[in-house]
Amino acid sequence: MATELVRALLASHGVHARKLRRVLTLLGEDWHTLAELVRLPAVPRRTVQDVLKALDADLETDGDRHRIAPSRVARYAEFTAEPEPADPLVARDPAHLRAVLADVAAVPPPLAALDHVQATAETALKRALWLDSHYDLAGRVLLCLGDHDLTSLAVTAVNPAVSVVVVDVDDRLLEYVEQRSGGRVRTFHADFRFGLPPALLESADLVFSDPPYTPEGMALFAGRAVECLADLGRGRVLLAYGYSDRTPALGLKAQQELQRLGLVFEAILPAFHRFDGAQAIGSAADLYVCRPTARRSATPGRTAIYTHGPQSVEATGPSAQALQALVDLAPRPESSPPPKPRAPGWADPVGRGAASLAVDLTGDPGPWLLRTLLACSPGRMAALVPNNHPDVSSAAGQEGLRSLVDTRFALRFLRSTPDGKTCVVVADQVLAGTLDPGGLAVREVLLRAHGKLGNVWREALTTALRITKREARERIGEHDDLEHRLIDLPRHRVAALLPLIRASAG
């Protein structure tokens, strides 16, 4: 009988059978999707499937919904358990939950290539309430390393006195967070594999992050988090991390990476975070509260840190044919040898002294191409990008990229080259003599994207207009980003700045 199969399954899980009993409770109460049966009791998908299989003929299925046949529910009364109670932190704050639900409803969709899996709105609020109840946040700086779950917005809603900063690789998210917060949350762009904006180093009291759930991803994000703490004695790193109870060795590897960084686990709160997805790990993750004992730099040896996609740990990279096409199409003076393909990265200006660049950006999730163009020192460059890259796959995307760099480079987009998976973007320098003073000022700023914007802008005006530094400063006036580098700014702020720079030379 099915009841005996269920009994045997529960017995095989020993003291850990309570979660399976909660699955049975849900199935006995009403119809539930597989996703709900995973997320609500935080049980891995394969384990839920084991329960469904054990129920055998006593299970009714309608599409992706399942339940125990009503006439047979009584048979399983001895196997059920009370459902997990509602979180008291979230339950007592319905007003803030409504606000977070509205924020999450409009957030840009997750990028699978970046291991984005959306946390529930309840989780975002729970994080904010937990932080506010455990730390004295007023006047402090909370830095979110990646924030697709909108923890930043939840925290500012719960405690407006905290200063929240978000740094993320997804420009869409940065624009959304900044606009949704009314500018209360400051945002910066970075891919943590290539470094952090200098302004963020040793700047935060607390750092929160939900990294990729690979040992490589955990080590990188945790290392960057430690770099951002202002005071190692008082600062804390808070991390989300989950692994299936069927594969504890994966959890061991991640924890070993954190310990290698000198992090002490002050607390691990199981199944603290819940997700709309990530069913392999029960749609749940633990909260790690970590105290650093040393500042050890994060030095990733590879860009493959994700669980799937072009930058997953199993990814193989571009074909030899694609790399050869990149080299062949890279523009260069006739006397120069073909450039060697470079890996992505823009922590510093790229290719100083070279006649041209060839850059492999086949793993680009979207923002690398613009950053590479901003970092390029030579006047010529070719980049190999995915054929479905947002800056090349449509006329609007191409025009959007051109509008940002058209005083520096003339772009050509060679779609489906050398195959249907890739595109070669060719960039040839625009000569300074063809530009008006406004365009020349913008060009000068683009040429020095790693310099402090206020200084670079001032020097650009003195070059374009042949005026004094004092006159240039008066033309610039006040601006929030003058102390930062152009290459660290979100794309929407770069797009807003360039017309201001052009106008200041008018």
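**Note on the predicted model: two sheets, two cores and the cysteines**

1. Helix 12 (residues 320-329) lies across strand 11, strand 12 (357-360), strand 13 (380-386), strand 14 and strand 15, and runs at about 155° to strand 13. Helices (H or I, at least four residues) and strands (E, at least two) are DSSP runs numbered from the N terminus, while axes are lines fitted to C-alpha atoms, for helices over the stretch in contact, with angles from 0 to 180 degrees between N-to-C directions. This is a predicted model, in which local features need pLDDT of at least 70 and side-chain atom pairs count only at pLDDT 80 or more, whereas totals for chains, interfaces and linings use all residues. Residues are numbered from 1 along each chain as its sequence is written, and side-chain values use heavy atoms, with hydrogens and water left out.

2. The strands under helix 12 belong to an open sheet of 5 strands with mixed pairing, in the order 11-12-13-15-14; two strands count as paired if DSSP finds at least two bridges between them. Strand 11 (341-342) and strand 14 (409-414) are the edge strands, each pairing on one side only. Strand 14 is joined by 6 bridges to strand 15 (residues 422-429), the two running antiparallel, and within this pair Leu-414 has Val-424 as its bridge partner.

3. A further open sheet, of 7 strands and also with mixed pairing, has the order 6-5-4-7-8-10-9. Strand 6 (186-189) and strand 9 (263-274) stand at its edges with a single partner strand each, so one side of each is left without a neighbour in the sheet. On average, and ignoring direction, neighbouring strands of this sheet are turned by 20° against each other. Helix 8 (residues 151-158) packs on the sheet, touching strand 4 (141-145), strand 5 and strand 7 (206-209), and its direction makes about 175° with that of strand 5; contact here means heavy atoms within 4.5 Å.

4. Within the 7-stranded sheet, strand 5 (residues 163-168) runs parallel to strand 6 and is joined to that strand by 4 bridges, with Asp-168 opposite His-189. Strand 10 (residues 284-292) is mostly covered, since 8 of its 9 residues are buried, where buried means under 20% relative accessible area, exposed over 50%, and partly exposed in between (1.4 Å probe, protein chains only). Strand 10 pairs in the antiparallel sense with strand 8 (residues 236-241) over 5 bridges, and 8 bridges join strand 10 to strand 9, again antiparallel.

5. The largest nonpolar core has 78 residues, of which Leu-143, Leu-369, Leu-373 and Leu-486 touch the most other members; such a core is a set of buried Ala, Val, Leu, Ile, Met, Phe, Trp, Tyr and Cys residues joined through side-chain atoms within 4.5 Å. Helix 10 (residues 215-228) supplies the largest share of this core, 7 residues. Apart from that core lies another, of 35 residues, among them Val-162, Val-166, Val-177 and Val-289.

6. The structure holds 0 disulfides, a disulfide being a pair of cysteine sulfur atoms within 2.5 Å. Cys-144 is in none, and the nearest cysteine sulfur, that of Cys-228, is 11 Å away. The sulfur of Cys-290 is 15 Å from the closest cysteine sulfur, in Cys-228, which is too far for a bond. Cys-144 is buried, with a relative accessible area of 0%, and Cys-290 is buried, with a relative accessible area of 0%.
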